[in-house]
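Student: Please take a close look at one part of this model, namely how the chains are related and how they meet. A connected account would be best.

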4 protein chains.
Amino acid sequence: MTADERRPLRSAISHSTPDCITVRGLDLAADLMGKVDLGEMAFLELTGRLPGEGESVVFNAMLVALVEHGITPSTLAARLTYLGAPEALQGAVAAGLLGLGSVFVGTIEDSAHMLQDALTGVSAGAELEPIASGIVRDYGERRRHIPGLGHPIHRAGDPRTERLFALAGEHEVAGRHVALMHLVAVASTQQSGRQLPINVTGAIGALASDLDLPWSICRGLGIMARAVGLVAHLSEEMHHPIAAEVWRRADAEASEADPDAT
Amino acid sequence: MTADERRPLRSAISHSTPDCITVRGLDLAADLMGKVDLGEMAFLELTGRLPGEGESVVFNAMLVALVEHGITPSTLAARLTYLGAPEALQGAVAAGLLGLGSVFVGTIEDSAHMLQDALTGVSAGAELEPIASGIVRDYGERRRHIPGLGHPIHRAGDPRTERLFALAGEHEVAGRHVALMHLVAVASTQQSGRQLPINVTGAIGALASDLDLPWSICRGLGIMARAVGLVAHLSEEMHHPIAAEVWRRADAEASEADPDAT
Amino acid sequence: MTADERRPLRSAISHSTPDCITVRGLDLAADLMGKVDLGEMAFLELTGRLPGEGESVVFNAMLVALVEHGITPSTLAARLTYLGAPEALQGAVAAGLLGLGSVFVGTIEDSAHMLQDALTGVSAGAELEPIASGIVRDYGERRRHIPGLGHPIHRAGDPRTERLFALAGEHEVAGRHVALMHLVAVASTQQSGRQLPINVTGAIGALASDLDLPWSICRGLGIMARAVGLVAHLSEEMHHPIAAEVWRRADAEASEADPDAT
Amino acid sequence: MTADERRPLRSAISHSTPDCITVRGLDLAADLMGKVDLGEMAFLELTGRLPGEGESVVFNAMLVALVEHGITPSTLAARLTYLGAPEALQGAVAAGLLGLGSVFVGTIEDSAHMLQDALTGVSAGAELEPIASGIVRDYGERRRHIPGLGHPIHRAGDPRTERLFALAGEHEVAGRHVALMHLVAVASTQQSGRQLPINVTGAIGALASDLDLPWSICRGLGIMARAVGLVAHLSEEMHHPIAAEVWRRADAEASEADPDAT
């Protein structure tokens with residue numbers, strides 16, 4: 001290998017000198033700390049620019065909506081992991097994050113993907129109804145569930161969705177992707193006869209798209225928000241543990257000798 | 001096992017009904033989304049109450065300070081993981097978080113632990129200088145490094161520390177733990193002859209203590225903040241990858257046949 | 001919720017009493033320890049029965065083939081993680097495993113999936129050439145790479161593949177899936193004009209299929225084998241570290257201020 | 001930075017050429033595959049040499065003993081993770097491994113550490129009883145539990161321990177560390193009045209020490225063995241799932257609104 005064959009390593013996010021840390025071209029201590037909140041910092045990290053006022057409200061609300069959903073497979077996995085490895089809080093949080101895959105928060109990515117693919121190359125004034133109908137028909141033919149629609153608990157409507165769309169309207173952040181998501185929900189009801197409201201991941205996938213975030217990173221919004229919630233669950237687990245009891249009960253029931261054996 | 005032997009499972013953080021998600025007693029959609037930022041939501045999750053205005057500025061600044069520090073072992077591990085498993089963004093973030101242990105962000109926990117232990121049961125008006133001297137002497141006798149002091153890059157002073165303490169002063173958030181951390185730094189210089197400034201993890205450990213966060217959860221502040229930064233690094237890796245080249249170079253150099261062999 | 005609504009929890013793998021641990025119906029201490037090796041134990045865990053003599057040789061060889069491949073993204077991620085969290089060896093191994101996704105060992109799963117789907121419902125005496133041609137045509141039309149063929153380093157032939165197929169022949173373990181994999185390689189060369197030999201993951205995917213392992217678990221063979229290799233790399237890292245130097249070089253090059261800036 | 005400041009990157013475990021993969025100086029395809037089992041391969045990876053016949057039996061038995069212990073916090077965490085991210089088997093295994101910390105398999109490391117520290121610099125013919133008494137006294141004074149003694153289920157004696165020591169005796173593998181572990185158990189009973197038998201992690205810590213494995217890597221034996229068991233549990237979860245039911249029950253009980261609230 002010669003030096004010429006080397007491909008250079010470059011990262012444009014941040015660099016440090018002994019007396020300054022620069023993030024996306026801004027001085028971390030002077031320009032950011034004390035001036036931007038954690039949601040705005042996340043926006044800067046992902047997009048390279050600080051959000052406008054309305055964008056900040058909506059983007060923070062998107063993340064706030066995803067922080068917490070009580071006892072989930074993810075928070076249980078984190079608590080069970082802490083039980084065996086209390087020396088490594090980072091491991092318990094990581095275990096919790098590992099369950100944020102295609103079934104749960106991955107649908108943010110899937111709905112953003114669906115919407116961004118559908119609008120790529122589509123002119124600004126194009127009618128969206130036929131596009132929505134085409135999406136619903138296509139998913140139906142492939143017998144696949146449309147991402148971002150329906151919720152096992154919040155069946156009549158996800159309270160987070162309504163709030164997000166209200167905020168986005170108020171702050172003029174919603175654009176064509178949100179409009180298309182609404183039309184997909186309408187077309188889905190028309191074609192299937194079942195009313196499946198837009199859930200929080202569908203709303204966030206649409207809003208993230210209107211904020212120009214590429215679909216491939218949208219799962220990351222759920223990951224960063226849930227990291228906050230997981231730390232809180234581990235804090236509770238330290239003082240009011242449930243993992244040992246969950247384990248004891250599951251083991252007692254699942255691992256007992258076959259009751260039909262003689 | 002009888003039903004009586006069961007210990008109840010309880011979590012006080014959040015519960016959901018079909019039309020409402022409650023977090024720490026507040027309605028997520030109505031009371032939090034659009035009204036609190038992600039840092040305030042983290043404060044609520046951890047402490048059970050919303051921060052005051054000054055607390056919000058300082059707590060957000062603490063988290064913002066921890067989001068990003070460029071190319072680190074953690075961001076490299078995340079990028080290398082993404083190279084092999086692009087289908088699972090959550091796995092790459094988790095891999096990055098797993099390096100946030102005792103050597104790097106764990107010092108937030110260690111400095112908070114040191115300060116909280118030293119002030120437990122100490123009356124409000126007690127003099128702090130003797131306590132600080134005692135801490136420094138104790139670490140010296142055990143030949144251990146005092147957590148929260150010194151930084152390999154920011155040797156003359158960590159720019160984040162000064163900014164955090166300035167904000168904490170301005171917003172009247174700093175208390176006895178911050179005062180003690182300053183005195184520990186002074187006593188360390190006096191006893192060792194070397195000037196080791198308070199680094200960002202020492203400052204955050206002290207401030208978190210003055211905000212009544214138990215030391216055992218303080219590592220979690222670094223974990224939640226770095227989750228944000230890791231998602232941004234993975235977003236950059238998708239479009240301007242460096243992991244494959246880091247691997248290629250390391251493998252070419254480290255795995256070549258022994259050059260002295262014949 | 002009433003008791004009637006509960007779905008029972010059952011696991012048939014193992015149960016314990018105070019004086020006996022049973023695994024797949026066998027007494028761990030009396031029947032397995034000292035009598036079976038780790039590869040045979042893995043076979044028992046996955047299939048519910050102990051392997052025959054030839055199956056043991058071949059299955060152990062499949063796992064042995066996957067343990068080690070030097071400095072990889074996976075071993076680098078593990079070493080970088082250990083640098084920050086030496087208190088948690090499990091975290092460093094986990095970080096290394098997280099890169100064993102769709103790009104690297106996931107191709108074991110993909111090739112097994114391809115072969116098992118192709119032979120489902122196909123009668124024992126059916127000709128395999130047309131099936132192989134159909135597979136190659138189908139992948140070509142979808143412009144997708146055929147899993148299990150080709151290797152970036154072992155271009156002329158993967159030495160592990162030849163050895164695995166020789167052992168399988170000698171011990172009469174190879175069946176229709178291995179035969180089909182060979183025919184797929186031939187058909188691929190005929191249709192594309194390029195010779196892409198079967199790589200180690202293709203060979204293992206085919207052999208695992210002939211051993212009746214479902215494709216959905218085949219990625220697990222690589223995961224369990226690499227866990228062994230990762231522990232060895234971390235043992236070396238403890239005494240002859242490279243992670244800090246890999247980091248230092250990457251950071252120095254990637255994070256420097258833009259050289260073109262003035 | 002100049003080239004001179006660079007520290008070389010070296011790894012002695014494995015290197016590859018297009019037609020050969022070398023592991024610890026042996027040809028993977030020609031010398032290892034088909035000739036050594038997975039446990040012997042692990043021994044080679046860790047120590048740099050192949051085990052003798054007796055060492056192979058005992059080392060395989062040590063690993064076989066650790067593969068499986070039914071429904072544990074670790075297997076539950078893996079199953080819960082799979083529920084949310086079935087696209088990434090590696091993530092579910094990693095989540096399971098993350099719980100193998102100080103509380104469970106970490107005691108292999110702790111007991112090996114205790115024994116190796118106690119015998120460092122001690123001449124071959126030295127009496128071990130006083131050393132054992134000293135260990136027990138020291139742990140008693142520090143009010144710490146002696147690692148490797150006692151088990152919550154196998155109270156009268158761990159069946160795996162007896163079997164391991166019998167095999168080690170038969171194959172003449174046991175040495176001074178095993179002898180010291182026995183004496184520590186005796187001294188502990190004498191000093192405390194309670195009989196705490198050596199558990200499987202104490203036995204393995206002692207045997208690993210007699211096999212010259214450094215204590216710092218001993219946790220890794222549990223990690224590599226449990227990786228095998230975790231893949232089997234995930235295979236069962238795919239066909240006979242329990243994670244969703246464990247979650248449903250825990251959530252229903254833990255997250256319900258406070259029953260005492262009005």
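Tutor: This is a predicted model, and the symmetry is a convenient place to begin. Chain A superposes on chain C, with an RMSD of 0.0 Å, after a rotation of 180° and 0.0 Å of shift along the axis. This is how a two-fold axis relates copies. In general, a rotation about an axis and a shift along it relate two copies of a chain. The interface residues agree with this picture: 100% of those in chain A are also interface residues in chain C, so the copies meet through the same surface.

Next comes the contact between chain D and chain C. Chain D contributes 79 residues and chain C contributes 78 residues. On the side of chain D that touches chain C, helix 11 of chain D (residues 219–239) supplies the largest share, 14 residues. Sorted by class, that side of chain D has 48 nonpolar, 19 polar and 12 charged residues.

The nonpolar interior can be followed in a similar way. Nonpolar side chains tend to be buried together in soluble globular proteins. Here the largest nonpolar core has 372 residues, and L207(A), L207(B), L207(C) and L207(D) are the ones with the most contacts inside it. For L207(C), leaving aside neighbours within four places in sequence, the contacts are V58(C), M62(C), L164(C), A168(C), V173(C), A174(C) and V178(C).

Finally, the domains of chain A: the assignment gives domain 1 as 12–50 and domain 2 as 106–217. Taken over C-alpha atoms, the centres of domain 1 of chain A and domain 2 of chain A are separated by 32 Å.

Note on methods
Residues are numbered from 1 along each chain as its sequence is written. Chains are lettered from A and ligands numbered from 1 in the order in which they are written. This is a predicted model: local features need pLDDT of at least 70, side-chain atom pairs count only at pLDDT 80 or more; totals for chains, interfaces and linings use all residues. Two residues are in contact if their C-beta atoms, placed from the backbone, lie within 7 Å. Helices (H or I, at least four residues) and strands (E, at least two) are DSSP runs, numbered from the N terminus. Ala, Val, Leu, Ile, Met, Phe, Trp, Tyr, Cys and Pro count as nonpolar, Asp, Glu, Lys and Arg as charged, and the others, Gly among them, as polar. Copies are superposed by least squares on the C-alpha atoms of residues with pLDDT of at least 70 in both. Domain bounds come from an automatic or database domain assignment. A nonpolar core is a set of buried Ala, Val, Leu, Ile, Met, Phe, Trp, Tyr and Cys residues joined through C-beta atoms within 7 Å. A residue is buried if 20 or more other C-beta atoms lie within 10 Å of its own, exposed if 12 or fewer, and partly exposed in between; C-beta atoms are placed from the backbone.
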